[in-house]
Amino acid sequence: MGSNLEPVPITSQKHDPAWKHVQMFKNGDKVQLKCIYCLKMFKGGGIHRIKEHLACQKGNASTCSRVPHDVRLHMQQSLDGVVVKKRRKQKIEEEIMNVSPLATVVNTVSNQVDVNQGLQAIGVQNSVEHNASLVVNSGEGMSKNIERRKKIRASKNPVAIYANSEGVVGLEKNALFPKKMDNHIHMAIGRFLYDIGAPFDAVNSIYFQQMVEAIASRGPGFEYPSHHELRGWILKNSVEEVKNDIDRCKMTWGRTGCSILVDQWTTETGRILISFLAYCPEGIVFLKSLDATEISTSAEFLYELIKQVVEEVGVGQVLQVITSGEEQYAIAGRRLTDTFSTLYWSPSAAHCIDLILEDFGNLEWISAVIEQAKSITRFVYNYSAILNMVKRYTLGNDIVDPSFSRFATNFTTLKRMVDLKHNLQALVTSQEWADCPYSKKTAGLEMLDCLSNQTFWSSCDMIVRLTVPLLKVQRIAGSEMRPAMGYVYAGMYRAKEAIKKALVKREDYMVYWSIIHHRWERLWHHPLHAAGFYLNPKFFYSIQGDIQGEILSGMFDCIERLVPDTRVQDKIVKEINLYKSAAGDFGRKMAVRARDNLLPSEWWSTYGGGCPNLSRLAIRILSQTSSVLSCKRNQIPFEQIINTRNYIERQHLTDLVFVHCNLRLRQMFMSKEQDFSDPLSFDSISNVEDWIRPRDLYLEEYGNSDWMALDPSSVNTMLLRPLNDETEELGEGFDDQEIFSCVKDSEDENTGDKLLVTCTVFSFAVFLALLMCTALVN
């Protein structure tokens, strides 16, 4: 990508659904769009051309080879809708033009004409507010030039009918549906959502957009469904629709296999629920959920539950079962692999990384820096005036960045603050800040001292260097955009490499490596992750010398476990030699270029024809995720099913939850834009509460916390969004043997003591400086 390309934020005014699947750049005076899937750059043609590209419709644009199935369908539906709207518009315009001119003659005695009468005169139903009026001048006084220009505009726009010397009513197209009408509709939508208690982000649902478009296309006379219809035939049809979508997913399992995801969580009332889902590249499928409050700690019961789900899905279709890493699940997983010799159990990679981040955050010097940063955000996010001021200086960006969990949020927020360092320092050194009465408060003085302290920023910068690579791996591991199995092993290698480069000395970086080894050991040695690395051509062909023995052993383990037929196993081993030497189609120039451009599974599907047995295995392994992925659970009536004793109503609610969950999971795959959550939103509160809650010490000072005083959001988060796919940053070259090793030295037996001593030595000066800063402020 050229260095002269400047990223441009995509504002909320861009309503076309295709905007969610592109990035926008400015090259001088010209705007260019980039597909987020195949990374193709479009230098012209507008968003309609992008939509055709995503819909894989040949014509004005090339087709996207990497667009997800659901996105392609959505774009096709949107294009079909454009055609329908265009035809309807033409029909309305024809009807207007066919109206007799005599019908639009107005009384020239009066200089004012009611809009409603004018609309009725040209055959359009009354849809404008009653107090609206349109002033029409008589022909007297109208210059010939103005009249000529208006006639030209009227000829270009059939809906535009202007007043002439005979007094014909003049109406512009936009006058039929003024902007005030949109406000009236928006208020009606708001009242409905407030009444039912729906979350604000309900309007981001693709189904909300589809609903609005469907109602608008129907026009006048639409009758909304009744309560009984929603409970009856509409739900029944939705169940069938979802089942049909699931059947289409299941049809791909024979080729790609699937992963069973076991998602456990605790409700607000303290119940422990477990949901079972199935993952494949076509999407995630919700299978069922149940109350596990009494059995969640029993490995035996968990084993029986998971075993039943595997049998229902089909043992031959399942490559792995992913759960959390708790001991009871580990025991159940080991029993499961003993029972079914053709699948693996895996702890969730994203959850394991979260535990690593938690351990990092518990180190004394890092914890002290996080608390310093929290003192800033707690002050900013509890004063409307300060928050407005901060957002003006940060170009609309929040300084709190909600993420996967509380622990990830600690480090994404530090990264955000480092990115906005100069903006924040410009704020506290401005005259506007000096004149602000809140800057004189204790928390305001603390914020000034903190943001002016170079030791604080140096510490933040070091923490960011240690944790950002782990955050990238976590996002890759938990991504819905692409199967993660071919990338996680390389991602963790890069994370350890970054820590080593940042700290240099072995006694320093081993503090953090030891934490990683403790939490990641089961995944570092997991055959599926090793095989995923081995079969990803981008990484495999970048290794100089012999492949790491443990990686090769993991590959052989997958062959023996996932391919029961010994004759096929022997064929695969022979075909591996062709892969290693890049023989046949593997060595084509196209195949070499495609190592970086195609998904690994697509690469094997395209160029692996000469090794059919190895190719089939590679596609199945590389089509898997590495983490438990789930939808937002708010507003889903899980507990109502448990509390309902009536069998009929329980089945009714079960079907409702089935539809609810699968629609949300489908939307995860259709909505590929990065989610920039509002830290003050209730949906984000569980992960950001420590960053935005007021400190008790200053509770009485928070006098100006009126949300109505906040400036309207002006989001420029494109400025902080990574321009390239994060998997591209994993790069090439994996030749550091120490990084591959997870063997702990004998001196690491007392890991806890060593962590504390080494950390104290490493950051003693930093920690003292932070304590002194805090003492001076308080």
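# A guided tour of two sheets and an aromatic core

Begin by selecting strands S2 and S3, which pair in the antiparallel sense over 6 bridges. Strands here are DSSP runs of E of at least two residues, and helices are DSSP runs of H or I of at least four, both numbered from the N terminus; two strands pair if DSSP finds at least two bridges between them. The model is predicted, so to speak of local features a pLDDT of at least 70 is needed, side-chain atom pairs count only at pLDDT 80 or more, and totals for chains, interfaces and linings use all residues. Residues are numbered from 1 along each chain as its sequence is written, and side-chain values use heavy atoms, with hydrogens and water left out.

**Stop 1: the four-stranded sheet**

Within the S2 and S3 pair, select Met24, which stands opposite Leu33 in S3. The two strands form a hairpin with 2 residues between them. In the turn, Gly28 has a positive phi of about 70°.

Now extend the selection to the whole open sheet, whose 4 strands follow the order S1-S2-S3-S4 with antiparallel pairing. Strand S1 (6-8) and strand S4 (41-42) stand at the edges with a single partner strand each, so one side of each is left without a neighbour in the sheet. Helix H1 (residues 46-54) packs on this sheet and touches strand S2 (22-27), S3 and S4. The direction of H1 makes about 15° with that of S3; axes are lines fitted to C-alpha atoms, for helices over the stretch in contact, and angles run from 0 to 180 degrees between N-to-C directions.

At the S4 edge, strand S3 (residues 30-35) pairs with S4 in the antiparallel sense over 2 bridges. Select Lys34 to find its bridge partner in S4, Met41. Close by in sequence numbering, select Lys40 and Phe42: Lys40 lies over the face of Phe42, at 5.4 Å from the ring centre. A charge sits over a ring if NZ of Lys or CZ of Arg is within 6 Å of the ring centre and within 35 degrees of the ring normal.

At the other edge, S1 and S2 run antiparallel and are joined by 3 bridges. Select Glu6, which lies in strand S1; its bridge partner in S2 is Lys26. Glu6 and Lys26 are 20 residues apart in sequence and 5.0 Å apart in space, C-alpha to C-alpha. Residues up to four places away in sequence not being counted, Glu6 touches Met24, Phe25 and Lys26, where contact means heavy atoms within 4.5 Å.

**Stop 2: the five-stranded sheet**

Select strands S7 to S11 next. They form an open sheet of 5 strands in the order S9-S8-S7-S10-S11, with mixed pairing. Strand S9 (283-291) and strand S11 (344-347) stand at the edges, each with a single partner strand, so one side of each is left without a neighbour in the sheet. From one strand to the next, the twist averages 20°. Strand S8 (residues 272-280) runs antiparallel to S9 and is joined to S9 by 8 bridges; within this pair, Leu277 stands opposite Phe286 in S9.

**Stop 3: aromatic pairs**

Turn to the rings of Phe, Tyr and Trp (its six-membered ring), which pair if their centres lie within 6.5 Å; planes under 30 degrees apart count as stacked, over 60 as edge-to-face and the rest as tilted. By this rule the count comes to 26 aromatic pairs. Select Tyr487 and Phe539, an edge-to-face pair at 6.1 Å centre to centre with 90° between the planes. This pair links distant parts of the chain, 52 residues apart: Tyr487 is in the loop between helix H19 (454-477) and helix H20 (488-503), and Phe539 is in helix H23 (residues 537-540). Tyr487 counts as buried at 6% relative accessibility, as does Phe539 at 0%; buried means under 20% relative accessible area, exposed over 50%, and partly exposed in between (1.4 Å probe, protein chains only).

Then select Phe533 and Phe734. Their ring centres are 5.1 Å apart and their planes are at 90°, so the pair is edge-to-face. Phe533 belongs to helix H22 (residues 527-535), and Phe734 to the loop between helix H31 (685-692) and helix H32 (737-740), 201 residues apart. Phe533 is buried, with a relative accessible area of 1%, and Phe734 counts as buried at 1% relative accessibility. Add Arg494, whose charged end sits over the ring of Phe734, 4.2 Å from its centre.

Finally, select Tyr534, Phe540, Tyr541, Tyr579, Phe586, Trp603, Trp604 and Tyr607, which form one aromatic cluster.
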